[in-house]
Amino acid sequence: MIALIDANAFFCSVEKVFHPGLDGKPVCVTGSNDGIIVALTPEAKAVGLHRGDPVFKVRDIVEHNNVTIFSTNMYLYAAMSRRINSILRSCVQRVDQYSIDEAFTYLDGYEKYYNIEEYMRDVVNKIKLWTDVPVSVGIAQSKTLAKMSSKFAKNYKGYNGVCMIDTEAKRRKALELFNLSDVWGIGRQTFQKLNYYGIHSALELADKKESWIRSHFNKAMVQTWMELNGIPCIDTSEVKQKQTICTSRSFGDMVTELDSLKSSVASFAASCANKLRGQDSVSGSITVFICSNNFRTDLEQYSNGSTYTFLTPTSDTIEITKAAMSLLEAIYRIGIHYKKAGVILGDICTALPIQQNLFDEIKNRPQRRKLMSVVDNINQRYGLKSLCLGVEGLEKQSWHVKSDHRSGNYLSDINEILTIKI
DNA sequence: TCTGGGGTCCTAGGACCC
DNA sequence: TCTGGGGTCCTAGGACCC
């Protein structure tokens, strides 16, 4: 059997850990620029808020119902995620972390010694006791069924945090009750297509003939179909190395000047390069893109991107930033109000062994690599951007992202640890 | 005034080969 | 009148995930 451990309204739950008194109250976490709602508690859903709502459109609901708003604080959530994961790993042999708030575990063999439902309930309680974050567990023969089952565990108190689908009757019952559009792997397009073919429940989908699925859909759907029928076929084992690395932001205020754009794109490039070195990789190509605000129909729209291929794959911030600057200059158009820009590194491969290039213009690569590792060490010790390229700019820039309700880095910064007065 | 960010995988179609 | 057959590789874009 496979178990999925899923934190309930994870970002909100973490905020609640450090802001007592919010239990039972509506809480939301907003995305970058405090633009949209990215996470919300059931209480916030109950007053009419949804994931994805632009904050400015729901301001009335927020004020009327005293909804507490937090800006995303990924450092804090990642730190909490690590804690939960380590508890999990101390309880179960094999854990695949799937996202910041979800992990799959494999329980084969555990049934010989434990009642696995009770065993996982103990894990749920332990995580709650040690971190104060509520999690739900779904147990089933496949990951798609386990995911489904975890939603039942989350939505019905009677399960006490753990729902197990271990008989054919339970599987059919669950499929019958479950929202088709909530099935893992079925997005908006596929949902509509299924409706078009007269399929409206997960059970109807699972009961179709395999040949029919194969002739009307793609490989992904065949997998989903098999998983719904209890045949596991989705692999989530860890990806060692990212194939693309992207840093992009919407700006707090729109940007028109090339210099401001340069400062933003330079800092995105530096961030990408930093992530790249973090996984001991080099990148063979870089893309820079910029775009205007397509919600503003009154302004001229323009968006463009351009890609450069490195002669020698690199993770050097100076080299990557230089390339980013020329790409930006090539696509920049005067008179546009830019809302967003980004840098994508592609063709990523391991840093060693290095494929040398006869025509490489950088002759001192070993020294440059040492320089980068010094920069990384300093920034790790004294904080991001303690040391950066001048083109990134020193003062706070107009493109700077808004985040007015961010809580402290209680778990990762010694200066921001909570003080408790007794 | 104001509408997120970062990924993966699959597929169709183009360009090319003999 | 009539315009092949069988491949490979690459890429852009779509769909999905959190």
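## Close-ups of the protein beside two DNA strands

**View 1. Side chains meeting DNA strand C.** Let us start at Asp101, where a polar side-chain atom lies 3.0 Å from a sugar or linking oxygen of DNA strand C. This is one polar contact, meaning a pair of N or O atoms within 3.5 Å; within protein, one must be able to donate a hydrogen and the other to accept it, and residues adjacent in sequence count only if both atoms are side-chain atoms. Trp184 also takes part: an N or O atom in its side chain is 3.2 Å from a sugar or linking oxygen of DNA strand C. At Gln189 the backbone is involved, with an N or O atom 3.1 Å from a phosphate oxygen of DNA strand C.

**Reading these views.** The model is predicted, and local features need pLDDT of at least 70, side-chain atom pairs count only at pLDDT 80 or more, while totals for chains, interfaces and linings use all residues. Residues are numbered from 1 along each chain as its sequence is written, chains are lettered from A and ligands numbered from 1 in the order in which they are written, and side-chain values use heavy atoms, with hydrogens and water left out.

**View 2. The surface near DNA strand C.** Around this strand there are 13 residues, of which Ser99, Asp101, Lys147, Gly185 and Thr190 come nearest. A residue is near a strand if one of its heavy atoms lies within 4 Å of it. Of the DNA strand C atoms within 4 Å of the protein, 100% belong to sugar or phosphate. Helix α8 gives the most to this surface, with three residues. Helices (H or I, at least four residues) and strands (E, at least two) are DSSP runs, numbered from the N terminus.

**View 3. Phosphate contacts on DNA strand B.** Turning to the other strand, a polar side-chain atom of Arg249 lies 2.8 Å from a phosphate oxygen of DNA strand B. For Lys219, a polar side-chain atom is 3.0 Å from a phosphate oxygen of DNA strand B. Lys340 has a side-chain N or O atom 3.4 Å from a phosphate oxygen of DNA strand B.

**View 4. The surface near DNA strand B.** Here 22 residues surround the strand, and Ser32, Cys246, Ser248, Ser250 and Lys339 come nearest. Sugar and phosphate make up 64% of the DNA strand B atoms that come within 4 Å of the protein. β9 (245–255) and β12 (338–350) each supply at least two residues of this surface, and the largest share, six residues, comes from β9.
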